[in-house]
Amino acid sequence: MRPREIFYLHLCYHISMEKTFDFLKNQTQVNFVSTINGDKPSCRPFGDPVLFDGKIYCMTNANKNVAKQIAANNNVCIVALSGDNWIRINCKLVDDSANLEAKKAMIAEFEWAEAAGYTLDNPDFKIFYLADADSKIYDEEGNILVAENF
């Protein structure tokens, strides 16, 4: 191992989600979520995540294919790019749609949410949080800059 790799491994592997959330929320404009559709991968853009109660949340509508695919298999991969650095998160998306406080936080974060139908009384308003996450931020050469597990 090169000294640089040892440095990264020693200092950057930790149990946290701070760097992951910052990268997704503040350094990128679009995150791509990949699911399994039958026996094929399916990928689509997702918007900003929300941090609530120590968890990273995302939202969608129950009628979208992505929600149906997550219900069938909640193992996903999230990828995003920021300049020369990029992130890959392998995780589970856990349905927390019964959590009204988390839904309120999602609605409060996005001024467009209610107009788009993301209301507390809409049963199709689905929220998920990242769990069992293995998150790595890489530089353009593929070196791991940060690794987080949460």
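In this predicted model, the side chains of Lys25 and Glu109 form a salt bridge, with nitrogen and oxygen 2.7 Å apart. The contact joins distant parts of the chain, since Lys25 belongs to helix α2 (residues 18-27) and Glu109 to helix α4 (residues 100-109), 84 residues apart. The two partners can also be described by their accessibility. Lys25 counts as buried because its relative accessibility of 16% falls under the 20% limit. Glu109 has a relative accessibility of 39% and is therefore classed as partly exposed, the range between 20% and 50%.

Side chains of opposite charge can pair when their charged atoms come close. By the rule applied here, the count for this model is five salt bridges. Another of these pairs is Lys126 with Asp95, whose closest N and O atoms are 2.6 Å apart. Lys126 is part of strand β8 (residues 125-138) and Asp95 is part of strand β7 (residues 85-95), so this salt bridge ties together parts that lie 31 residues apart in sequence. Lys126, at 19% relative accessibility, counts as buried, whereas Asp95, at 40%, counts as partly exposed.

A further salt bridge is formed by the side chains of Asp134 and Lys136, at 2.9 Å from N to O. Here Asp134 is partly exposed, with a relative accessible area of 27%, and Lys136 is buried at 16%. Beyond individual pairs, salt bridges with shared partners join Lys25, Asp48 and Glu109 into one network. The pair described at the outset, Lys25 and Glu109, thus belongs to this network together with Asp48.

Asp48 leads on to the enclosed space of the model, as this residue is also among those that line the largest cavity. One cavity of 30 Å³ or more is counted, and the largest cavity holds about 90 Å³ of space. Its lining consists of Leu24, Asn31, Val33, Phe46, Gly47, Asp48, Pro49, Ile56, Tyr57, Cys58, Ile78 and Leu130. The elements that contribute two or more residues to this lining are β2 (31-37) and β5. Strand β5 supplies the largest share, three residues. What classes of residue make up this lining? Nine are nonpolar, two are polar and one is charged.

The open space is described in a similar way. The largest pocket contains about 230 Å³ of space. It is lined by 13 residues, of which Phe46, Gly47, Met59, Trp112 and Tyr118 are the closest to its centre. Strands β3 (40-46) and β5 (55-61) are the elements that each give two or more residues to the pocket lining. By class, this lining comprises eight nonpolar, two polar and three charged residues. Phe46 and Gly47 appear in the pocket lining and also in the lining of the largest cavity. Strand β5 likewise gives two or more residues to the lining of the pocket and to that of the cavity.

On the surface, Val30, Phe32 and Val79 form a nonpolar patch, with about 210 Å² of accessible area together. Phe32 lies in strand β2, one of the elements that contribute two or more residues to the lining of the largest cavity. With a relative accessible area of 38%, Phe32 is classed as partly exposed.

Note on methods. Residues numbered from 1 in each chain as written. Predicted model: local features only at pLDDT ≥ 70, side-chain atom pairs only at ≥ 80, totals over all residues. Heavy atoms only, no water. 1 Å grid on protein atoms, 1.4 Å probe; cavity = no way out; pocket = protein on both sides within 12 Å on 5 of 7 lines; lining within 4 Å. Points joined across faces, edges and corners; volume = space filled by probe spheres on them. Helix = DSSP H or I, 4+ residues; strand = E, 2+ residues; numbered from the N terminus. Nonpolar A, V, L, I, M, F, W, Y, C, P; charged D, E, K, R; others polar. Salt bridge = Lys/Arg side-chain N within 4 Å of Asp/Glu carboxyl O. Buried < 20%, exposed > 50% of the residue type's maximum accessible area, 1.4 Å probe, protein only. Patch = residues over 30% accessible without salt bridge, like charges linked within 9 Å, V, L, I, M, F, W, Y side chains within 5 Å. Areas by Shrake-Rupley, 256 points an atom, 1.4 Å probe, with all protein chains shown as cover.
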